[in-house]
Amino acid sequence: MDVFHVIDKDGNKVRDEQVIEYIQQSLGTNACLLPSMRRSVGVKAAAEHTAIELTARDRPGLLSEVFAVLTDLNCNVVAAEVWTHNTRVAAVVYVTDELTGAPIDDSEKLSMIKLQLCSVLKGDNDKRGAKTAVSMVITHTERRLHQMMFADRDYERAHNGSAECRSDQLRPVVTLQNCVEKGYSVVNVKCKDRPKLLFDTVCTLTDMQYVVFHGTVDAEGPDAYQEYYIRHIDGCPVNSEAERRRVIHCLEAAIERRVPEGLRLELCSGDRVGLLSDVTRIFRENGLSVTGAEVSTRGDKAVNAFYVTDAAGNPVNAKTIEAVRSEIGQTILEVKESSIYSKSPPEETGGKFSLGNLFRSSSERFLYNLGFIKSPS
């Protein structure tokens with residue numbers, strides 16, 4: 001039995017019957033299983049659009065070039081999500097044919113899209129290369145982005161000084177120790193709380209082929225604490241120092257990659273073909289680098305969010321932002337808050353933490369009383 005205490009996005013008790021019913025159906029025996037990361041997914045035809053998946057080395061202006069290529073090939077972008085982390089970028093872009101409004105399933109056109117995007121994505125010093133594989137498998141966008149970046153090894157820290165630099169105070173703290181007498185490995189995670197944190201952590205453990213046998217989460221306050229008792233699917237705990245470091249680095253990356261650096265800009269305007277190409281071109285011409293993007297279409301409206309820094313990864317000058325807004329439209333492009341990691345860091349707490357000092361919330365006590373977690377004492 002698993003017990004979850006949940007609230008809605010505003011911090012209130014969930015009372016919407018449709019939401020509750022959807023959760024129940026999603027957790028039922030007839031829920032669709034997500035595809036294995038061993039399946040190669042690149043361009044897929046779905047019911048209403050075609051999805052294009054991209055991974056490459058990140059660089060300023062790259063997103064602008066990608067959207068320009070799609071516009072030139074008569075592709076209308078109806079939705080997209082872009083993550084960047086540790087000099088790498090992954091994107092899932094949903095497109096339709098500009099003329100018909102239907103999914104693109106013509107093999108020759110798909111091949112042309114793939115060829116031109118690969119040409120744009122290739123970098124001079126990119127040892128891992130760019131990827132645009134082709135498949136017809138339907139995926140969960142955020143789950144797939146995690147899988148794409150994991151396969152692209154974004155968890156490997158660059159040694160040339162080009163990796164993004166988060167303050168040590170803002171990095172997640174991940175520890176892993178073996179519980180020899182029980183045959184488990186115990187993973188502890190401390191980081192700033194945010195939506196979908198549990199999803200990111202558990203999906204990463206699953207994709208790394210670990211099974212969670214017991215777990216507890218405390219998310220009361222600004223910080224979140226997670227603890228998991230895990231074994232590999234072969235029944236063994238983590239059995240080497242190299243494997244231990246890999247699990248830690250992968251969990252750190254999973255937590256960091258969803259939250260981009262920079263200033264959040266929100267765009268809302270009438271949708272049209274080439275809108276994203278024009279907007280990101282203006283970003284590039286003004287020296288802005290996009291570190292994350294959420295693109296959606298609601299009826300005839302384009303509702304987009306971009307996280308931006310300057311080309312060196314530093315905060316953007318206010319005059320630059322105003323120049324961009326003047327060119328795009330003051331009422332169309334609005335400035336919102338910076339990313340979660342750009343805010344004031346949480347207070348420091350001394351020493352390591354473990355299950356013994358996590359029993360502060362009612363949810364933890366409930367799990368403890370049911371016997372799903374045990375005190376290490």
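**Helix 5 and its surroundings**

In this predicted model, the cover over the buried residues of helix 5 includes helix 4, strand 6 (184-192), strand 7 (210-218), strand 8 (223-232) and helix 6 (241-257). The buried residues themselves are Leu197, Asp200, Thr201, Cys203, Thr204, Leu205 and Asp207. Just beyond the helix, glutamine 209 follows with a positive phi, near 70°.

We may turn to the helical neighbour. Helix 4 (residues 141-151) packs against helix 5 (residues 197-207) at an angle of about 55°, and the two axes lie 10 Å apart. Because angles between 35 and 65 degrees fall outside the parallel and perpendicular classes, helix 4 and helix 5 are oblique to each other. Their crossing is right-handed. Helix 4 contributes Glu142, Arg143, His146, Gln147 and Phe150 to the contact, while helix 5 offers Phe199, Asp200, Cys203, Thr204, Thr206 and Asp207. By character, these contact residues comprise three nonpolar, four polar and four charged.

The sheet comes next. Four strands, in the order 5-6-8-7, make up an open sheet with antiparallel pairing. Strand 5 (173-179) and strand 7 form its edges, each pairing on one side only. From one strand to the next, the twist averages 20°. Eight bridges join strand 7 and strand 8 in the antiparallel sense, and histidine 214 stands opposite tyrosine 229 of strand 8.

Both remaining helices meet these strands. Helix 5 lies across strand 6, strand 7 and strand 8, and runs at about 15° to strand 8. Helix 6 also packs on the sheet, where it touches strand 5, strand 6 and strand 7; the direction of helix 6 makes about 145° with that of strand 5.

Methods: Residues are numbered from 1 along each chain as its sequence is written. This is a predicted model: local features need pLDDT of at least 70, side-chain atom pairs count only at pLDDT 80 or more; totals for chains, interfaces and linings use all residues. Side-chain values use heavy atoms; hydrogens and water are left out. Axes are lines fitted to C-alpha atoms, for helices over the stretch in contact, and angles run from 0 to 180 degrees between N-to-C directions. Helices (H or I, at least four residues) and strands (E, at least two) are DSSP runs, numbered from the N terminus. Angles under 35 degrees count as roughly parallel, over 145 as roughly antiparallel, 65 to 115 as roughly perpendicular and the rest as oblique. A crossing is left-handed if the near helix is turned anticlockwise from the far one by less than a right angle, and right-handed if clockwise. Contact means heavy atoms within 4.5 Å. Ala, Val, Leu, Ile, Met, Phe, Trp, Tyr, Cys and Pro count as nonpolar, Asp, Glu, Lys and Arg as charged, and the others, Gly among them, as polar. Buried means under 20% relative accessible area, exposed over 50%, partly exposed in between (1.4 Å probe, protein chains only). Two strands pair if DSSP finds at least two bridges between them.
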